[in-house]
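Here are a few friendly notes to read with the structure open beside you. Take them one at a time, and find each part in the picture before moving on.

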Amino acid sequence: MTNANISPELIRGHVDTIILRVLCESDNYGYEIIKAISKYSHGQYELKEPSLYSSLKRLEFQKLIASYWGDESQGGRRKYYAVTPLGIENYEANVAAWKIAKDLIDQLIEKKEEHL
């Protein structure tokens with residue numbers, strides 16, 4: 001179940017950071033990353049596979065994550081992704097920037113009693 005009231009554009013710009021968050025917890029493969037994001041959002045956000053793999057490719061190109069093939073399990077080998085030290089730095093910087101931006105946006109769009 002997804003929340004249809006939230007514009008995908010609001011989240012799209014943060015998909016890389018969301019994936020880095022998941023990978024900061026542990027190495028993971030595509031399907032499990034999608035499941036983790038759904039779990040963290042309590043089912044309100046579902047990352048689509050094309051967006052996931054585009055982001056993983058971009059993050060790997062930027063050396064923020066690294067990939068490796070895991071052992072065979074349940075019929076096939078899985079490609080795992082792990083965050084790099086540079087990826088952890090990038091994640092922490094993005095979270096700090098997000099908090100500043102969130103506070104600023106709250107100030108700009110929320111009506112306050114003093115402004116009514």
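The points below go from the sheet to the helix packed on it, and then to one residue of that helix.

1. A word before we start: this is a predicted model. Please keep that in mind as you read each value here.

2. Let's begin with the sheet. It is an open one, built from three strands in the order 1-3-2, and the pairing is antiparallel. Strand 1 (28–29) and strand 2 (65–69) are at the edges, and each has a single partner strand, so one side of each lacks a neighbour in the sheet.

3. Now look at how strand 3 is held by its partners. Strand 3 (residues 79–83) runs antiparallel to strand 2, and five bridges join the two. With strand 1, strand 3 also pairs in the antiparallel sense, this time over two bridges.

4. Which residues stand opposite tyrosine 81 of strand 3? On one hand there is asparagine 28, and on the other there is serine 67. For one more pair to find, try tryptophan 69, which has lysine 79 of strand 3 opposite.

5. What packs on this sheet? Helix 2 (residues 15–25) does, and it touches strand 1, strand 2 and strand 3. The direction of helix 2 makes about 95° with that of strand 3.

6. Helix 2 also has a helix to pack against. Its partner is helix 5 (residues 85–109); the angle between them is about 125°, and their axes lie 10 Å apart. The two helices are therefore oblique to each other. Helix 2 passes helix 5 in a left-handed crossing. To find the place where they meet, look for Thr17, Leu20, Arg21 and Cys24 in helix 2, which touch residues of helix 5 including Gly87, Tyr91 and Val95.

7. Finally, zoom in on aspartate 16, which is also in helix 2. Is aspartate 16 buried or exposed? Its relative accessibility is 19%, and because the cut-off for buried is under 20%, aspartate 16 counts as buried.

8. Who are the companions of aspartate 16 from further along the chain? Beyond its neighbours within four places in sequence, aspartate 16 is in contact with Ser55, Arg58 and Leu59. Serine 55 deserves a second look: serine 55 and aspartate 16 are 39 residues apart in sequence, yet their C-alpha atoms are 5.9 Å apart in space. Their side chains are joined by a polar contact of 2.3 Å.

Conventions: Residues are numbered from 1 along each chain as its sequence is written. This is a predicted model: local features need pLDDT of at least 70, side-chain atom pairs count only at pLDDT 80 or more; totals for chains, interfaces and linings use all residues. Side-chain values use heavy atoms; hydrogens and water are left out. Two strands pair if DSSP finds at least two bridges between them. Helices (H or I, at least four residues) and strands (E, at least two) are DSSP runs, numbered from the N terminus. Contact means heavy atoms within 4.5 Å. Axes are lines fitted to C-alpha atoms, for helices over the stretch in contact, and angles run from 0 to 180 degrees between N-to-C directions. Buried means under 20% relative accessible area, exposed over 50%, partly exposed in between (1.4 Å probe, protein chains only). A polar contact is a pair of N or O atoms within 3.5 Å; within protein, one must be able to donate a hydrogen and the other to accept it, and residues adjacent in sequence count only if both atoms are side-chain atoms. Angles under 35 degrees count as roughly parallel, over 145 as roughly antiparallel, 65 to 115 as roughly perpendicular and the rest as oblique. A crossing is left-handed if the near helix is turned anticlockwise from the far one by less than a right angle, and right-handed if clockwise.
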